[in-house]
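Please open the model in a viewer and follow the stops below in order. Each stop names a selection and then describes what is found there.

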Amino acid sequence: MKGRNDILAAIRANKPALKAPAPEVPSFDEAYPTDTTGLWPRFADALALMGGSVAEIQEGQSLEDCIRATLADRLPEQPIIASAVPELTGNRRLREHDNPKTLHDIDIAVLRARFGVAETGSVCFTEKELIVNAVAYLAQHLVVLLDPAELVTNIHRAYQRDDYKNARYTVFHTGPSATADIEGVLVRGAQGVRSLTVIAASVDTPG
Amino acid sequence: MSTPDPTKTINSPEATRESAPRFTKAKDGKRVDHAAAAKQFLDSPIHAKSHDERVWAMRTKRDKQAHAIEEWEELRDLASQIKTHTLTHLDEYLEQFADNAAANGVRVHWAADAADHNRIVHEIFNDHDVKKVIKSKSMLMEECGFRHYMEGVGIEIVETDLGERIQQLDNEDPSHVVVPSVHKMRSDVAKVFAETLGSDPDNDDAHYLAGRQRDATRPLILEADAGMTGANFAVAETGGFIVCTNEGNADLSANVPNLHVASIGIEKLVPRMEDMGVFIRLLSRSALGSPITQYTSHFRAPRAGGEMHIVLVDNGRSKRLGQEKFWSSLKCIRCGACMNTCPVFRRSGGLSYGATYTGPLGLILDPSFDAHRYSNLPFASTLNGSCTNVCPVKINIHEQIFEWRQVLAEDGHIPWAKKSALAAAGKVLADPKRYRAAIRTAQSALKHLPDWAVYSQLNAWGQVRDMPDVPDGGSFHDWYRKNRLHKTEAADTATHDSGDDS
Amino acid sequence: MQIGLFVPCFIDAFYPEVGIATLELLERFGCKVDYPFDQTCCGQPMVNAGCHPEAAATEQHFVNQFEKYDVIVAPSGSCVHQVRDNLTAIKQTDKVKHVRTNTYELVEYLHDVLKVDAFPWARFEHRVGYHDSCNTLRNLGHGQPSELHGKYFSKPRALLEKVAGLELVAPSRPDECCGFGGTFSVTEPEVSGQMGRDKIADHGRAGAEYIVSADTSCLMHQQGCAKRIGAPIRFMHIAEILNGAAA
Ligand code: SF4
């Protein structure tokens, strides 16, 4: 059996002898607003295009009320809500060593995003935010808290961060699971979550 | 822009009852006959028309995205340059990648070819007593015949991408790298699901069908012993890899079972995480005309308590790297844009190519796996060049198709009758006397002109179209002689002997 | 400045009016045009099928015929692409290079070299769908292909817009291939025919009475498809319209 060394040797023998330096990649974000208030609407529009939505907590409403109101007609009577954020208790605790297979009955998972991307409407998680990675796919609906201050302009900026270098798993979610594999008809919730809702919520600064 | 209402069906009011086209597979050692298979597809006109329109819609959406980004062409240039840089330093970046991955706690394996790949994965599965596997879509695994291999050794593989699952249940190959069942209509899917998943055969609503598949697949996901993914990109700097899906099925495959095996072609490397901005911005816009896939997943290390393996696969890639005219095909990021824009692909369907890779990409990759079997494919193109213009990594696809024709002709892979007819044509066309004789009369031209192009298939032109009318006043040549030549002084008649008024 | 006129075989045999229009049009602008009488072909049929060695003698003959001219003009995009980009089966002597770099397709020559700004003799009171052949559009740079991001331009349309009475209409797929494709037309007749019919139908829906192009081979194919299905649309080479042809 040929292994690493043979394959590498074949590559060395065959690779084109061209001078091809790695190009500098610009950030291409001069045209973006420079403040959060400017970026948020772009984020929300981009997210809507991808089938996600933004919900706002109304005066006097709690986070849980807001979530239940937003998803009202899509929930069973006693929804199982698993929360990975301190802002909400929910009725199912997520523990790091939970067997992922036990999470299949969760109706709503509530997570905090590390950051968001205005260009695409993406939100980013690592295993730290997810607690159990699979929850973000096995739950029926996802609710995401995002601090508007944590928006970057575009995907180039997203990749200039170093989250990926430390995390085992880093993922951008852009709207819910989707497919158009049957005659091009768009279906939400192909395998993963059926909906994704983002709520603006700054991280409470510890007092 | 409003969100489409997921509960509302947007299906066309009536599903077709036309049955799905079936393709005759080329036997071992035989050439794939694309033209004949294309005819089989076109003989189901409702399917063919729907396919053309839906695939064209992806191209249209791609244009909209591309034209909305000021730096689009610059991004394509950057993507191409990053890939050129990586491929010309591939040994270094692969080593860096493998070392980093190992340092991250990932087991790295190297497979020289498809058989190695399948055997390595089989061994991993045996070590863990794996019987049931969920996997996300991977063209590399298709290339390796992985699913068939695993079926042979009694390990159950469940595709989790909806389109790929449809194809698996229908026992058919994928027809497109991004949308594997795009050649099917919902009535076909209803039939497949009724037979395999027990869904209502009379309900061909796409939401209903997708829902049945979700319900049927979920328990299989929960029960699986291992998950497999491919990779769209592998990053040397971090030792991690990136998978892009719209369904989240790669994340399920990787995050539910404890064992994750990723098969990665050695050409998937990019040097740095920062480079990914360019590719992610291009990939889904080129593929489906959406700004990004719903899920962009970066795997760097096994999750706590889990195990991760990477199988790096060569399978002809290092050899292709040495082919001066064709190495740049290794830049491909499998976006499928070339298929979507290809007028031949849209009208013949992906299965007509009889190969893992279909459409323009297939025409330049498949012959490198088996020159004889796929020797007809580079001729299944009008060389219109649209593929080259949409390719996000700027592969000169149509030029490579043209080059492949030459390579196949030189290596004796085109039929003798065709080659000898062209050699004969070359002799006539190099000789003004014989040329003139051949088209002296319009009738004779009618016989000879198409003949030069038609070689052995005399009637191919006439199968689908009429020949041009015969001009009343003779050829341009005749006209020129009559109206100009005799008026031109000092016409050197000696050189005009081929045009005697006989 | 001596122009050598190249009249490809299909035009010579079936569409002499295209050759005549090209010649007359160039003469209207004061060009000295010669038609080398022993010309045959540019080698395209063989090269398109991958058979380069089989094309060598034809390519050599082409160069022998045309090397004495300052420029060579042909009313055929695919032939000009062959000469300019693919005439490589023979040794690349100075003469070969001269011929290859000085061969122009008619629209390019009118638009880029002669910079024509009016066709006062031309009048064409019809709705015209212009067919960008793939060779003229993507290999010769007649215009901005729909796939690329950039400023729109179209040399042939810029010329047609100067023709009195002519109304341009646009098909929904602006520059989709019509399915001719050289040898493709006979190796893949079914797909080729389907593409041809689709193209004609698209132009028809846009209201075109005429399909006009700079490539006779595409027109011959489309015309053949139209005749076969009895589509009422008509066809004309751009040279004819610019030279003042009536419907
Ligand atoms: S060849 Fe280019 S356009 Fe085609 S799939 Fe590959 S990257 Fe995409």
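**First stop: a glutamine in chain C**

Select Gln65(C), which is buried, with a relative accessible area of 13%. The model is a predicted one. Gln65(C) counts as buried because its value of 13% falls under the 20% relative accessible area that defines the term. Colour helix 4 of chain C, residues 56-66, to see the element in which Gln65(C) lies.

Next, display the residues around Gln65(C). Leaving aside residues up to four places away in sequence, Gln65(C) touches Pro36(C), Phe37(C), Asp38(C) and Gln39(C). Which backbone atom does the side chain of Gln65(C) reach? The partner is the backbone nitrogen of Gln39(C), at 3.1 Å.

**Second stop: a serine in chain C**

Move to Ser213(C), in strand 7 of chain C, which covers residues 210-213. Is Ser213(C) buried or exposed? Ser213(C) is buried, and its relative accessible area is 0%.

Show the contacts of Ser213(C) beyond four places in sequence: they are Tyr130(C), His131(C), Ser133(C), Leu219(C), Met236(C), His237(C) and Ile238(C). A polar atom of the Ser213(C) side chain lies 3.1 Å from the backbone nitrogen of Asp215(C). Then draw a distance from the C-alpha atom of Ser213(C) to that of Pro156(C); the separation is 8.4 Å, although the two residues are 57 residues apart along the chain.

**Third stop: where chain B meets chain C**

Select chain B and chain C together. The contact takes 85 residues from chain B and 70 residues from chain C. About 6800 Å² is buried between the two chains, and carbon and sulfur atoms give 61% of that area.

How many salt bridges cross the interface of chain B and chain C? The rule finds 9. To view a salt bridge at this interface, select Glu176(C) and Arg346(B), whose side chains meet with an N to O distance of 2.7 Å. The interface also holds 36 residue pairs in polar contact, with both residues at pLDDT 80 or more.

Now highlight helix 2 of chain B, residues 45-68. With 9 residues, helix 2 gives the most to the side of chain B that touches chain C. Coloured by residue class, that side of chain B shows 42 nonpolar, 22 polar and 21 charged residues.

**Fourth stop: chain B as a whole**

Hide the other chains and show chain B as a cartoon. Chain B has 23 helices and 10 strands. Of its 502 residues, 65% are buried. Among contacts in chain B between residues at least 6 apart in sequence, 73% join residues at least 24 apart.

Colour chain B by confidence. The average pLDDT is 90, and 90% of the residues score at least 70. Two stretches deserve separate selection. Over residues 1-13 of chain B the pLDDT stays under 50, and the model has 23 contacts beyond four places in sequence for them. Residues 489-502 of chain B also have a pLDDT below 50, with 17 contacts in the model beyond near neighbours in sequence.

**Last stop: chain A**

Finally, select chain A, which contains 7 helices and 12 strands. Its C-alpha trace spans about 65 × 50 × 45 Å along the principal axes. Chain A has 207 residues, of which 55% are buried. Among its contacts with a separation of 6 or more, 72% are accounted for by residues 24 or more positions apart.

Technical notes
Residues are numbered from 1 along each chain as its sequence is written. Chains are lettered from A and ligands numbered from 1 in the order in which they are written. Side-chain values use heavy atoms; hydrogens and water are left out. Helices (H or I, at least four residues) and strands (E, at least two) are DSSP runs, numbered from the N terminus. Buried means under 20% relative accessible area, exposed over 50%, partly exposed in between (1.4 Å probe, protein chains only). A polar contact is a pair of N or O atoms within 3.5 Å; within protein, one must be able to donate a hydrogen and the other to accept it, and residues adjacent in sequence count only if both atoms are side-chain atoms. Contact means heavy atoms within 4.5 Å. pLDDT is the predictor's confidence in each residue, from 0 to 100. Buried area is the accessible area (1.4 Å probe) that two parts lose on being put together, summed over both. A salt bridge is a side-chain nitrogen of Lys or Arg within 4 Å of a carboxyl oxygen of Asp or Glu. Ala, Val, Leu, Ile, Met, Phe, Trp, Tyr, Cys and Pro count as nonpolar, Asp, Glu, Lys and Arg as charged, and the others, Gly among them, as polar.
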